[in-house]
Amino acid sequence: MAQRIVVDPITRIEGHLRIEVEVANGKVTNAWSSSTLFRGLEIILKGRDPRDAWLFTQRACGVCTYVHGLASIRCVDNAVGVTIPDNARLIRNLLMGAQFLHDHIVHFYHLHALDWVDVVSALKADPVKASKIANDVSPAPKNGPGDFKAVQARLKKFVDSGQLGLFANGYWGHPAYKLPPEVNLIAAAHYLEALRQQARTARMHAVFGAKNPHLQSLVVGGVSCAADLNPDRISEFLYLWKETMDFVNNVYIPDLLAVAGFYKDWGSIGGTTNFLCYGEFPQSAKEPESLFFPRGAIFKRNLAKVENVDPAKITEHVKHSWYEGDGALNPAQGETKPKFTKLDTNGEYSWMKAPRYNGEPMEVGPLARVLVAYAKGHEPTKKAVDGVLKKLAVPKEALFSTLGRTAARAIETQIIGQAMEGWIMQLVENLKKGDTKTFEPYQMPESAQGMGLNDVPRGALGHWIEIKEKKIANYQLVVPSTWNLGPRCAANKPGPVEEALIGTPVADPKRPVEILRTVHSFDPCIACGVHVIDPHSNQVYKFRVV
Amino acid sequence: MELERKLQKGLEPKGVTRRDFMKFCTMVSATMGLAPSFAPKIAQALSSGPRPPVVYLHFAECTGCTEAVLRSTYPWIDELLLETISVDYHETIMAAAGHSVEEVLHQTVKKYEGKFICVVEGGIPTADNGIYGMIGGKTMLEIAKEVCPKSLAVLCIGSCSSFGGVQAAAPNPTGAKGVSDALADVLKVPVVNIPGCPPNPINFVGTVVNYLLFGKLPDLDDKKRPLFAYGKTVHDQCPRRSHFENGEFVKEWGSKEAQMGYCLYEMGCKGPETYNNCPLVKFNDGTSWPVEAGHPCIGCSEPNFWDAMSPFYQKL
């Protein structure tokens, strides 16, 4: 007999998400993803100055900060028909690169790790053994027995205080946790270390972007930080970049490999079918040809054939969402007319719309990016992916999984980080030649349409604008988390997370840590998805086992 | 001396040098306008237990304020979480999920009724009985009404919980409001607004320190903002102020004037009407702030700034 489990709220994500699953014989047989907050940004934007849009849209999310700002700026650049100077492109790329580095480190350690790492078990570890294991996989400093002993003592003092704070009621001791105490201790030590590293990594944003979160140095036509293009600022950025890359190379990647080695069974759980990537990091004004991460779509896991992306094939469905109508519209003509009914998994159950490409649900994000790049023969990606598969001794098919998704995130962090060095040097070369241009003037047209396609840490992100009488007439965002976490579409096809959850084992329905693993592997980030869930009418709203 | 030795002993195993810690304490006392001799007292306030319980609620928001607090460097965020305060409920970073975290929330509120600090991030949707924002099957409005009045004090972090924020911008489709406004009928405990989009974490930490040190909340202005942070306008503290006085203005992005760091008034800077300490403390460990990056202030710590201060690139 199948039973229903509701996890609400899903924590360690940005935003408000509710997951309901049906479990039979210890495995998930069906799943529904509901976004439970509607903010109405698209409605708020109507009638405003198009140049202001980016400041509003950046507030779609403070975790993905910058990306909705940049997406909007690119969208309005496109609408007004301006080509930005080379320096502005490089600064924007460097800020986006810094966003990936920061975001992926925080996701791995602070949002995802506790699904795999049992912090309480770390108290039982032998610090000397932990030091030996750590030194075997990484040359990082702070791997001495004394370092791990100090961390363990600190954790113990914390636990002994009886005030467990953030760690209260975790699923500690759950049989799905497989790491030995020593590896748990190493990971817990790096959880704390990463808390500090991320603050330093975020400083890269402040160097050319004023502050983080919510940068303030973009303008339509370029960037505003003309006075910051000096040797002091560039070396400050370079230093922070280098420090971050040391952490990525010597801590993040070795940790990923060490933890993954104990969870190889997750290489066949949590996969999806189709993948979409808009591509990112323009290397010149030519798009999509010059994109560092290529644009493409993969269907039915067929890596032999990457299709070109045609934005006209994107539609957003609202049949199972709390919006008026049943239609499926292209975002250029999209509507946002909220109409809450009640949460009914057979009917409407989310504030997210359901985006589809050519009618199909598409996974977006690190795995999609890495698969498209890999299939297109992108050299650094091919090398990194093959290296990780070999080290873990798993077949290529293991990429299509929760484990593959988590590994792809680490792989691309390293690849993007390495590419950033080249962009910094190009900036230096330009300045040496006397090219200090950061802005290209433009005229705001009476009416125009624009589109900005981006690939951001969580996946394919598109903004669409329609300008009339120099004001915003319509604005639509189709964001990564609606691609990944959106509900069923008009054809009742489940969204990627709903599909990925099917087959996930659940050892103890009261402590469904396995569900969190797959949901978190998508790095859900929901505030941008605009959307509520049902109140008290719903029988299962108390998310207990029913 | 005794105190200093004790502190040194307590902090070193955490990987914090005494110098780091005192640097923070001096910075906080400077932010709060206290004499430097207060620095050791702040250090003591921050490192003696038991840790005050904190319930951190997320409503209609973007999590940018949480992210801002995570960037705290003096003290580092791990010290705040492990040794300074006890964050018993915080959806973005807590280990548990679903039913288990709901239990934590209820237990904390019950156990520490009248004693916990309630931090709120995000506006509260009030239209259509609050159905635009729900957590665990309850509206955010219901949760706020249930939890906030039982706290010792409510700290509203960011412009959304202070004044409604971006979702409250016209036409405010969800009827989003700040905490003081949404809970006007039921809330009797003190409220401190720490606006900004997001606010500088130093102003949040400064408020907490004020409480730990003096056992009371800081002095506030008429918008419930701590005077130590929001007592002067950005314009009055701006390092580009002399350019304003000399009539030296940027008139186009990327121009020579922009490269020379002239005044951004003509480009739409809202510094003259905005109360905040950005030019003084700057962001991300003192790295920069909007005007330094050549961009006008958008007035993000003022009520209703999304409507009142926009279009943002239009001269005041």
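Student: Where is the place of His90(B)?

Tutor: His90(B) belongs to strand E2 of chain B, residues 86-90. Strands (E, at least two residues) and helices (H or I, at least four) are DSSP runs, numbered from the N terminus. This is a predicted model, in which local features need pLDDT of at least 70 and side-chain atom pairs count only at pLDDT 80 or more, while totals for chains, interfaces and linings use all residues. Residues are numbered from 1 along each chain as its sequence is written, chains are lettered from A and ligands numbered from 1 in the order in which they are written, and side-chain values use heavy atoms, leaving out hydrogens and water.

Student: Why is His90(B) called buried?

Tutor: Buried means under 20% relative accessible area, exposed means over 50%, and partly exposed lies in between (1.4 Å probe, protein chains only). His90(B) has 4%, so it is buried.

Student: What makes the pair of His90(B) and Thr66(B) a polar contact?

Tutor: The term covers a pair of N or O atoms within 3.5 Å; within protein, one must be able to donate a hydrogen and the other to accept it, and residues adjacent in sequence count only if both atoms are side-chain atoms. The two side chains meet this with a distance of 3.3 Å.

Student: Which residues is His90(B) in contact with, leaving aside neighbours within four places in sequence?

Tutor: Contact means heavy atoms within 4.5 Å. On that basis His90(B) touches Tyr56(B), His58(B) and Thr66(B), as well as Leu166(A).

Student: Good, and how do you know that helix H5 of chain B is largely enclosed by the rest of the structure?

Tutor: Count its buried residues: eight of the eight in H5(B), residues 77-84, qualify, so the helix is described as largely enclosed. Among them are the charged-looking names you may spot on the sequence, Asp78(B), Glu79(B) and Glu83(B), along with Ile77(B) and Leu80(B).

Student: How many of the 316 residues of chain B count as buried, as a percentage?

Tutor: The share is 65%. The chain's secondary structure comes to 16 helices and nine strands. Of its contacts between residues at least 6 apart in sequence, 72% join residues at least 24 apart.

Student: Which peptide bonds in chain B are listed as cis, and with what omega?

Tutor: One is the bond from Ala170(B) to Pro171(B), with omega near 5°. Another joins Cys197(B) and Pro198(B), where omega is about -10°. Pro171(B) lies in the loop between helix H8 (158-163) and strand E8 (176-177), and Pro198(B) in the loop between strand E9 (191-194) and helix H10 (201-214).

Student: What is the phi of Tyr66(A), and where is the residue?

Tutor: Its phi is positive, about 85°, although Tyr66(A) is not a glycine. Tyr66(A) is in the loop between helices H2 (53-58) and H3 (67-80) of chain A. With 0% relative accessibility, Tyr66(A) counts as buried.

Student: And why is Lys224(B) called partly exposed?

Tutor: The relative accessibility of Lys224(B) is 33%, which falls in the in-between range, so partly exposed is the right term. Lys224(B) also has a positive phi, near 65°, without being a glycine, and lies in the loop between H10 and helix H11 (227-230) of chain B.

Student: Now chain A: why is H9(A) said to be roughly perpendicular to H10(A)?

Tutor: H9(A), residues 366-375, packs against H10(A), residues 379-392, at about 110°, with the axes 8 Å apart. That angle makes the pair roughly perpendicular, a label for 65 to 115 degrees; under 35 is roughly parallel, over 145 roughly antiparallel, and the rest oblique. Axes are lines fitted to C-alpha atoms, for helices over the stretch in contact, and angles run from 0 to 180 degrees between N-to-C directions.

Student: Which residues meet there?

Tutor: From H9(A) come Val370(A), Ala373(A) and Tyr374(A), and from H10(A) come Thr381(A), Lys382(A), Val385(A) and Asp386(A).

Student: Last one: how do you know that Thr345(A) is buried?

Tutor: Thr345(A) has a relative accessible area of 10%, so it meets the buried cut-off. Thr345(A) is found in the loop between E11 and E12 of chain A, and its side chain makes a polar contact of 3.2 Å with that of Arg4(A).
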